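Here is a colleague's note on the model, set out as numbered points. Please read each point with the structure open.

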Amino acid sequence: MKARVHITLKNGVLDPQGKAIQHALDALGFSGVDDVRQGKYIELDLAETDKAAAKANVEEMCKKLLSNMVIENYSIDID
Amino acid sequence: MKSAVVTFPASNCDRDMFDALEKITGKTPHHIWHQDSEIPDVDLIALPGGFSFGDYLRCGAMAARSPAIKAIMAHAERGGKVIGVCNGFQVLTEMGLLPGALMRNKSLKFACKTVQLKVENSNGTFTNAYSDGQVIDIPIAHHDGNYFADDEHWQDLKRTAKLPFVMSIKLVKQRMRQTPTDHKIILPVSLMNAAILLA
């Protein structure tokens with residue numbers, strides 16, 4: 001079973017890397033990009049076969065290590 | 001004063017910290033490896049800077065889950081003193097001992113210079129040899145020194161006078177004649193430097 005975790009910065013948290021990407025896109029002529037927010041993508045291969053149990057387990061991983069709840073949100077997709 | 005220095009893989013200046021503490025206190029500090037789950041009874045636990053665990057995932061994130069962390073937390077809960085310098089400070093926020101988080105510098109550049117801090121509260125353990133309003137020079141060197149706390153924690157820090165130092169942007173502009181860094185505040189950044197200056 002595979003878990004795909006997206007870690008993103010919370011709304012309102014300044015994202016200087018996102019801003020730099022936005023400026024670079026603008027410089028390359030890609031106009032109309034109003035905002036850029038960047039984050040992390042983490043893929044996990046799990047031995048667990050039960051989807052609900054896998055999701056609960058990955059949720060714990062996100063809270064304990066994968067994300068910093070002060071500044072980041074996470075979302076989990078399991079398939 | 002009895003002290004201990006905790007070393008993580010890719011810590012640096014831990015040896016400097018060890019020597020500084022030995023020189024100032026007259027007692028040899030304990031060397032603690034991150035996998036040690038017990039720390040001897042000391043007055044101060046010091047976490048050095050560097051790039052623990054290669055700064056993977058987030059600065060200080062892996063170190064904050066090391067076996068030694070539980071002992072550091074227990075020491076703090078007993079009222080023991082803890083200081084984190086640079087990456088050590090990031091570890092303290094990642095382990096939840098201090099509020100907030102340190103993010104990538106707004107400029108996206110590595111900042112390496114001397115900054116001026118105003119002593120906001122000279123009643124603290126780390127500031128009581130200073131006087132209120134005194135301006136001190138502190139060296140900084142970091143890529144992720146952009147302190148962030150949500151409004152609730154930020155207000156709490158201000159209200160409860162837990163901010164020992166505040167970066168004086170006006171003074172920085174006056175003295176350095178450059179734009180200020182991203183820091184809104186720097187908590188006890190460097191006891192080592194402060195202590196050496198006072199010694």
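The points below go from chain B as a whole to the contact between the chains, and then to single residues and their salt bridges.

1. The model is a predicted one, and side-chain atom pairs are counted only at pLDDT 80 or more, while totals for chains and interfaces use all residues. The distances and areas that follow should be read with that in mind.

2. Chain B has six helices and 11 strands, and of its 199 residues 48% count as buried. Taking the contacts in chain B between residues at least 6 apart in sequence, 72% join residues that are at least 24 apart. The area that chain B exposes is about 10000 Å², with 52% of it supplied by carbon and sulfur atoms.

3. How much area is buried between chain A and chain B? The value is about 1300 Å², and carbon and sulfur atoms give 70% of that area. On the side of chain A, Pro16(A), Leu65(A) and Val70(A) supply 36% of the area that chain A buries against chain B, which is more than any other three residues supply. In residues, the contact takes 16 from chain A and 15 from chain B.

4. The polar part of this interface consists of five residue pairs in polar contact, both residues of each pair being at pLDDT 80 or more, and the count of salt bridges between chain A and chain B is one. A salt bridge joins the side chains of Glu72(A) and Arg58(B), at 3.8 Å from N to O. As for the elements involved, α1, β2 and α2 (51-66) of chain A each supply at least two residues of the side of chain A that touches chain B.

5. Glu72(A) deserves a second look, since a salt bridge is also found between Glu72(A) and Lys40(A), with the closest N and O atoms 3.5 Å apart. This pair links distant parts of the chain, with Glu72(A) in strand β3 (residues 72-78) and Lys40(A) in strand β2 of chain A, 32 residues apart. The two partners are not covered alike: Glu72(A) has a relative accessible area of 7% and is therefore buried, whereas Lys40(A), at 28%, is partly exposed.

6. Over all chains the structure holds 12 salt bridges. One of them, in chain B, joins the side chains of Asp19(B) and Arg15(B) at 3.4 Å from N to O. Both residues lie in helix α1 (residues 14-25) of chain B, four residues apart, or about one turn of the helix. Asp19(B), with 36% relative accessibility, counts as partly exposed, and Arg15(B), with 48%, also counts as partly exposed.

7. Another salt bridge of chain B is formed by the side chains of Glu94(B) and Arg65(B), at 3.0 Å from N to O. Glu94(B) lies in helix α3 (residues 87-94) and Arg65(B) in the loop between β5 (49-50) and α2 (68-77) of chain B, so the pair ties together parts that are 29 residues apart in sequence. Here Glu94(B) is buried, with a relative accessible area of 10%, while Arg65(B) is partly exposed at 35%. In chain A, salt bridges that share partners join Lys2(A), Arg4(A), Glu43(A), Asp45(A) and Asp79(A) into one network.

8. Helix α3 of chain B also holds Phe89(B), which is buried, with a relative accessible area of 10%. Between Phe89(B) and Ala46(B) there are 9.7 Å in space, C-alpha to C-alpha, and the two are 43 residues apart in sequence.

9. Is Thr127(B), a loop residue, buried or exposed? Thr127(B) has a relative accessible area of 0%, and because buried means under 20%, this residue is counted as buried. The loop in question runs between β8 (111-119) and β9 (135-142) of chain B. The side chain of Thr127(B) reaches the backbone oxygen of Asn121(B) at 2.6 Å. When neighbours within four places in sequence are left aside, the residues in contact with Thr127(B) are Val119(B), Asn121(B), Ser122(B), Pro164(B) and Phe165(B).

10. A last point concerns the surface of chain A, where Leu28(A), Phe30(A) and Val33(A) make a nonpolar patch of about 300 Å². Of these residues, Phe30(A) is placed in the loop between α1 (16-27) and β2 (39-45) of chain A.

Technical notes: Residues numbered from 1 in each chain as written. Chains lettered and ligands numbered in written order. Heavy atoms only, no water. Patch = residues over 30% accessible without salt bridge, like charges linked within 9 Å, V, L, I, M, F, W, Y side chains within 5 Å. Areas by Shrake-Rupley, 256 points an atom, 1.4 Å probe, with all protein chains shown as cover. Salt bridge = Lys/Arg side-chain N within 4 Å of Asp/Glu carboxyl O. Buried < 20%, exposed > 50% of the residue type's maximum accessible area, 1.4 Å probe, protein only. Polar contact = N/O pair within 3.5 Å; in protein donor to acceptor, adjacent residues only side chain to side chain. Contact = heavy atoms within 4.5 Å. Buried area = accessible area lost by both parts, 1.4 Å probe.
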